[in-house]
Amino acid sequence: MIQRFDTIAVDLPVPKSANPAAAAAVQELMGGKFGEMSTLMNYTFQSFNFRGKKQYRPFYDLLCNIATEEYSHIEAVAAAINLLLTGATPRIDRNESPLPKTTNSKTTKARTKPPTVSGKADPAPLADALGATYPYHFLAGAQSAMPFDSMGNPWTGSYVTATGNLKLDLLHNFFLECGARAGKMRVYEMCDDPTARAMVGYLLVRGGVHIVAYAKALEKLTGANVGALLPIPDVSNKKFPEAMKHEANGVHRIMWHFSPEDYTELDQIWNGPHPEDGEELEFRRNEMPPMFPWPEAPDEPQLVSPGAIDPDMINYYAKKLG
Ligand code: MN
Ligand code: MN
């Protein structure tokens, strides 16, 4: 079972202006093959299907705890996308309804047809979205995050690998986290937007924790020195200022506890020195990570947005429905 908190895991700055192109790139971190939906669902299904918990309890506990953290990562990606899309259609005046204004109640009563857009209203209020790199944000969504990759391909369950072989699953997870890290670095390199980079910086650090966790798990299970492969790709998080900020606070060596009392045996794996900087790894038992409020999301005046609903139209339909 999952318990939910109405917060997000990273403090995201509000962008100075909308950046739909950056939002499009960030979609890859949501619904791409190596995106956060993939890490969430891979570990979730592996944990559902885990057999032999008696012998392998620490591995199961680690998997469950990381799977739960990944939910907070899809939230962070969604919040960043929504911030980047806010205000992307400035042709719409937030205070102006696109529907015709009526000056007296008689006009409302006399209507026999639903109100239509008058000649005065902007005939194409979403025209600014026409050249968007990612039209789905406007055509198939409400200028908000979608469970798709950066090309508009829907996330698919075929991205999930759960072989039932612990060594193979851990090896896959190690690879998946390294691939996810490459994706985050590419988004960072494409977008200099501070909101996108704040989110990516945090996820680089937390993804780094998961890479080390799966490396440690493979080391415990097999004796192989998997940590010697790191970092993959061959650039330290300390090169990214938005990630370095978190590493300076030790976020790269902390495993928080996403359960009030379960999954405690993960500390049999999450211990010893960090393979890159030698600092001691730490399991923060009974402690959730710092939490931040969801950024304010003003309504976008579209077809279903409260700000765009004309009282006359409401009255018209209310009457029709009796
Ligand atoms: Mn993640
Ligand atoms: Mn991860």
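**Loop, strand and helix packing in a predicted model**

Valine 251 lies in the loop between helix H8 (241-248) and strand E1 (254-256). The model is predicted. With 19 C-beta neighbours inside 10 Å, valine 251 counts as partly exposed, because a buried residue needs 20 or more. Beyond its neighbours within four places in sequence, valine 251 is in contact with Val205 and His246. Valine 209 is 42 residues away from valine 251 in sequence. In space, the C-alpha atoms of these two valines are 8.3 Å apart.

Phenylalanine 283 sits in strand E2 (residues 282-284). This residue is buried, since 20 other C-beta atoms lie within 10 Å and the cut-off is 20 or more. Neighbours within four places in sequence aside, the contacts of phenylalanine 283 are Met255, Leu266, Asp267 and Trp270. Histidine 257 is 26 residues from phenylalanine 283 along the chain. Their C-alpha atoms are separated by 7.4 Å.

The chain as a whole contains 9 helices and 2 strands. From the N terminus on, the order of elements is α-α-α-α-α-α-α-α-β-β-α. Of the 322 residues in the chain, 41% are buried. Contacts between residues at least 6 apart in sequence were also examined. Of these, 79% join residues at least 24 apart.

The largest nonpolar core holds 74 residues. Val26, Ala76, Val77, Ala80, Ile81, Met199 and Ala213 touch the most other members. Two or more core residues come from each of helix H1 (20-31), helix H2 (36-48), helix H3 (53-85), helix H6 (166-190), helix H7 (194-222) and E1. H3 gives the largest share of this core, with 17 residues. Isoleucine 81 is in contact with Ala23, Val26, Gln27, Met30, Ser144 and Ala145, leaving aside its neighbours within four places in sequence.

H2 has 13 residues. At 1.5 Å a residue, H2 should span 18 Å. Its end C-alpha atoms are 18 Å apart, so the expected and modelled spans agree. Burial is extensive in H2: 10 of its 13 residues are buried, so this helix is largely enclosed by the rest of the structure. The buried set comprises Glu36, Met37, Ser38, Thr39, Leu40, Asn42, Tyr43, Thr44, Gln46 and Ser47. These buried residues pack against H1, H3 and H6.

The pairing of H2 with H3 was examined in detail. Their axes are 8 Å apart, and the packing angle is about 155 degrees. The two helices are therefore roughly antiparallel, as the angle is over 145 degrees. H2 passes H3 in a left-handed crossing. On the H2 side, the meeting residues are Glu36, Met37, Thr39, Leu40, Tyr43, Thr44, Gln46 and Ser47. On the H3 side, they are Tyr60, Leu63, Cys64, Ile66, Ala67, Glu70, Tyr71, His73, Ile74 and Val77. Val77 is also listed among the core residues that touch the most other members.

A second helix pair is formed by H6 and H7. They pack at an angle of about 160 degrees, with axes 9 Å apart. H6 and H7 are therefore roughly antiparallel to each other. H6 passes H7 in a left-handed crossing. H6 and H7 each give two or more residues to the largest nonpolar core.

Notes: Residues are numbered from 1 along each chain as its sequence is written. Chains are lettered from A and ligands numbered from 1 in the order in which they are written. This is a predicted model: local features need pLDDT of at least 70, side-chain atom pairs count only at pLDDT 80 or more; totals for chains, interfaces and linings use all residues. Helices (H or I, at least four residues) and strands (E, at least two) are DSSP runs, numbered from the N terminus. A residue is buried if 20 or more other C-beta atoms lie within 10 Å of its own, exposed if 12 or fewer, and partly exposed in between; C-beta atoms are placed from the backbone. Two residues are in contact if their C-beta atoms, placed from the backbone, lie within 7 Å. A nonpolar core is a set of buried Ala, Val, Leu, Ile, Met, Phe, Trp, Tyr and Cys residues joined through C-beta atoms within 7 Å. The expected span of a helix is 1.5 Å times one less than its number of residues. Axes are lines fitted to C-alpha atoms, for helices over the stretch in contact, and angles run from 0 to 180 degrees between N-to-C directions. Angles under 35 degrees count as roughly parallel, over 145 as roughly antiparallel, 65 to 115 as roughly perpendicular and the rest as oblique. A crossing is left-handed if the near helix is turned anticlockwise from the far one by less than a right angle, and right-handed if clockwise.
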